[in-house]
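Ready for some practice in reading a protein model? Work through the exercises below with the structure open, and try each one before you look at its solution.

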Amino acid sequence: MSAKVWLVGAGPGDPELLTLKAVRALREADVVLIDDLVNPALLEHCPTARLITVGKRGGCRSTPQAFIHRLMLRYARQGKCVVRLKGGDPCIFGRGGEEATWLRQQGVEVELVNGITAGLAGATNCDIPLTLRGVSRGVTLVTAHTQDDSSLNWRALAEGGTTLVIYMGVAKLGEIRQQLLEGGMSDDMPVAMIENASLPHQRECRSSLSRMQEDAHEFALKSPAILVIGRVAQATQAVEALASATA
Ligand code: SAH
């Protein structure tokens, strides 16, 4: 049997946002390697598979990436159907690209399955259209957290005029605000901070660029959360008015 690994997006948490293809992969799986942002309720689709948790939440001891690679390879070479189940989409800040490349170099067949990424789900659940005719002509997904501390070109993001969806930003609100203000973004730019998007305990905090750090503190915003920064993050009625005025 040829070695194959499925790199599958589990979506943001709501079990109904799992794709049919992900469900099929889970049904066929002998082994499932699970990331920690995956809702355990999804595992009802693979009742007989061997489950291995390989989470890497901040604060906990993380499973080294090389170890995860070796685990996938070992089971695949045994002819097992391996599913690597990741929160959201496997290729949006999820190392899906790295893992697929490495596995293919080892001669393992890889199939990637989309999941709904947290940023899209969070916005939609809060009635925020990430693009909107006359208001926002695009959307940019960025992470505030990098392993090598390299910096984003915040000025370009501020000037670009697209809606910004920021992942892993909860601990960096002060820095994000400062960089975007320095880049020329208006201090009253609407911001929505969405915690546990798509889950029953989802919470949302509406604010503005100038106030987002204080508001998040008062709200006790916790990870996992995404930030949506842009005119579309204004209250829905105001956005509709804006859109119809410029249509
Ligand atoms: N591959 C994932 C992202 C993993 S990076 C995806 O496509 O969604 C982890 C970050 O994703 C978190 O720090 C947070 O910013 C965001 N995130 C993941 N799940 C979330 C959720 N349910 N609600 C809000 N943010 C979430």
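## Warm-up: a pair across two strands

Val191 sits opposite Ile229, a residue of E10. This is a predicted model, where local features need pLDDT of at least 70, side-chain atom pairs count only at pLDDT 80 or more, and totals for chains, interfaces and linings use all residues. Residues are numbered from 1 along each chain as its sequence is written, and side-chain values use heavy atoms, with hydrogens and water left out.

## Exercise 1: the sheet around that pair

Find the order of the strands in the open sheet that holds E10, and say which strands stand at its edges.

*Solution.*
- Step 1: get the vocabulary straight. Strands (E, at least two residues) and helices (H or I, at least four) are DSSP runs, numbered from the N terminus. Two strands pair if DSSP finds at least two bridges between them.
- Step 2: read off the order. The 5 strands run E6-E7-E10-E8-E9, and their pairing is mixed.
- Step 3: look at the ends. Strand E6 (139-143) and strand E9 (203-208) each have a single partner strand, so one side of each has no neighbour in the sheet.
- Step 4: check the twist. From one strand to the next it averages 20°, with axes taken as lines fitted to C-alpha atoms (for helices over the stretch in contact) and angles running from 0 to 180 degrees between N-to-C directions.
- Step 5: return to the warm-up pair. Strand E8 (residues 190-195) and strand E10 (residues 225-229) run antiparallel, joined by 5 bridges.

## Exercise 2: helices across this sheet

Which strands does helix H6 lie across, and which does helix H7 lie across?

*Solution.*
- Step 1: take H6 (residues 173-182). This helix lies across strand E7 (163-167), E8 and E10, at about 15° to E10. Contact here means heavy atoms within 4.5 Å.
- Step 2: take H7 (residues 212-219). This one lies across E8, E9 and E10, at about 150° to E9.
- Step 3: spot a charge over a ring. The charged end of Arg203 sits over Phe219, 4.0 Å from the ring centre. To count, NZ of Lys or CZ of Arg must be within 6 Å of the ring centre and within 35 degrees of the ring normal.

## Exercise 3: the parallel sheet

Work out the strand order of the open sheet with parallel pairing, and name its edge strands.

*Solution.*
- Step 1: the 5 strands are ordered E3-E2-E4-E1-E5.
- Step 2: strand E3 (50-53) and strand E5 (109-113) are the edges, each pairing on one side only.
- Step 3: zoom in on one pairing. Strand E2 (residues 31-34) and E3 are parallel over 4 bridges, with Val31 opposite Arg50 in E3.
- Step 4: add a helix. H2 (residues 65-77) lies across E1, E2, E3 and E4, at about 150° to E4.

## Exercise 4: two sides of H1

Which residues of H1 are buried, and which are exposed on the other side?

*Solution.*
- Step 1: apply the cut-offs. Buried means under 20% relative accessible area, exposed over 50%, and partly exposed in between (1.4 Å probe, protein chains only).
- Step 2: list the buried residues: Ala22, Val23, Ala25 and Leu26. Seen down the axis of H1, they fall within an arc of 160°, so they line one face. The arc is that of the directions from the helix axis to the C-beta atoms.
- Step 3: turn to the other side, where Leu20 and Arg27 are exposed.
- Step 4: see what covers the buried residues. The cover includes E1, E2, E4 and E5.
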